[in-house]
Amino acid sequence: MLLTVEEKDYLIPERWTQVKLGQYQDFMEKSIDIEDKNILDKLAISSFTGLSMELIDKIRKTDIDIVKTHLNKLSNKKMNTTLNTIIEIGGKDYGFHPKLKNLTFGEFVDLDNYLEEPWKNMHYIMAILYRPITKQKRGKYDIEDYDSDTNFERAQMFKDSLSVATVNGAANFFLTIGVEYQSVMQLSLKKQQKQMMKKKGDLQIKTTLELNGVGTE
């Protein structure tokens, strides 16, 4: 559905595939601790359509009621929970990380930090999990090596390009295997630390690691 305001068309999403990650993040961030239903309605309309709060106040109430009806229907629709292993953006294929149990230390540390505020950082998380495919054959593929600089650039693009439906499917899959993934990573890190401590014979490092623990719960 399109809403025309001041000779400009605004898309009113009817499916979650029409809602971009950045739009959803905007609503999640602005609606924190807001309990007034009218304000929440305005925030939803603004975030999901791109209309400014000031412009919303100038639109006829009958038109706003129609928009609210469409967004209410959207909110009642179940969001996708299926993982899309390969997505295409701007003519380029991106593959979901095919070997999560083999995450590098850099990937693990960045994911661990971003997951402290998952929705706020979801574009960065998705940029780690989805990376350009470098080789593909018989249903299998390799992805680009992790680089924090290119990850930042990709995250900004994902914010404006990825649908929240794709994001939810990936996040659902990632969090479902999260316990197993984290256990494997922690065991791997502990093994590396023991080897480092044995090699260096540094008792102070060992004491610090034991006090602080590894990873997060």
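1. Let's start with a small cluster of charges: Lys37, Asp41 and Lys68 are joined in a network of salt bridges. A salt bridge here is a side-chain nitrogen of Lys or Arg within 4 Å of a carboxyl oxygen of Asp or Glu. The structure has nine salt bridges.

2. A word on what you're looking at. This is a predicted model, where local features need pLDDT of at least 70 and side-chain atom pairs count only at pLDDT 80 or more, while totals for chains, interfaces and linings use all residues. Residues are numbered from 1 along each chain as its sequence is written, and side-chain values use heavy atoms, with hydrogens and water left out.

3. Now for the overall picture. The protein has ten helices and six strands; these are DSSP runs (helices H or I, at least four residues; strands E, at least two), numbered from the N terminus. Of its 217 residues, 40% count as buried. For accessibility, buried means under 20% relative accessible area, exposed means over 50%, and partly exposed is in between, using a 1.4 Å probe and protein chains only. Among contacts with a separation of 6 or more, 68% are between residues 24 or more positions apart, a contact being heavy atoms within 4.5 Å.

4. Back to the network. Within it, aspartate 41 pairs with lysine 68, their closest N and O atoms being 3.5 Å apart. That pair links distant parts of the chain, since aspartate 41 sits in helix α2 (residues 37-49) and lysine 68 in helix α4 (residues 61-75), 27 residues apart. How accessible are the two partners, aspartate 41 and lysine 68? Aspartate 41 is buried, at a relative accessible area of 14%, whereas lysine 68 is partly exposed at 23%.

5. Helix α4 has a salt bridge of its own to look at. Aspartate 65 and lysine 61 form this one, with 2.9 Å between the closest N and O atoms. Because they are four residues apart in helix α4, about one helical turn separates them. Aspartate 65 is partly exposed, with 27% relative accessibility, and lysine 61 is exposed, with 61%.

6. Further along the chain, lysine 135 makes a salt bridge with aspartate 142, and here the closest N and O atoms are 3.7 Å apart. Lysine 135 is exposed at 55% relative accessibility; aspartate 142, at 33%, is partly exposed.

7. Stay with α4 for a moment and find valine 67, which lies in that helix. Valine 67 has 1% relative accessibility, so it counts as buried. Which residues does valine 67 contact, leaving aside its neighbours within four places in sequence? They are Leu3, Ile12 and Ile45. Isoleucine 45 is 22 residues from valine 67 along the chain, yet their C-alpha atoms are separated by 7.5 Å.

8. On to helix packing. Helix α1 (residues 21-30) and α2 have axes that come within 8 Å and cross at roughly 155°. These axes are lines fitted to C-alpha atoms, for helices over the stretch in contact, with angles running from 0 to 180 degrees between N-to-C directions. The two helices α1 and α2 are therefore roughly antiparallel, because angles over 145 degrees count that way, while under 35 is roughly parallel, 65 to 115 roughly perpendicular and the rest oblique. Their crossing is right-handed, meaning that the near helix is turned clockwise from the far one by less than a right angle, while anticlockwise would be left-handed. On the α1 side, Gln23, Tyr24, Asp26, Phe27 and Lys30 take part, meeting Leu40, Leu43, Ala44, Ser47, Phe48 and Thr49 of α2. By class, this contact of α1 with α2 has six nonpolar, three polar and two charged residues. In this scheme Ala, Val, Leu, Ile, Met, Phe, Trp, Tyr, Cys and Pro are nonpolar, Asp, Glu, Lys and Arg are charged, and the others, Gly among them, are polar.

9. A second helix pair is worth a look. The axes of α5 (residues 105-114) and α6 (residues 122-129) come within 9 Å and cross at roughly 155°, so α5 and α6 are roughly antiparallel. The crossing of α5 and α6 is left-handed. Glu107, Asp110, Leu111 and Tyr114 of α5 make the contact with Tyr124, Ile125 and Ile128 of α6. Five nonpolar, no polar and two charged residues make up the contact of α5 with α6.

10. Finally, look at the loop between β4 (92-96) and α5, where leucine 103 has its place. Leucine 103 is buried, with a relative accessible area of 8%. Tyrosine 146 is 43 residues from leucine 103 in sequence and 9.5 Å away in space, C-alpha to C-alpha.
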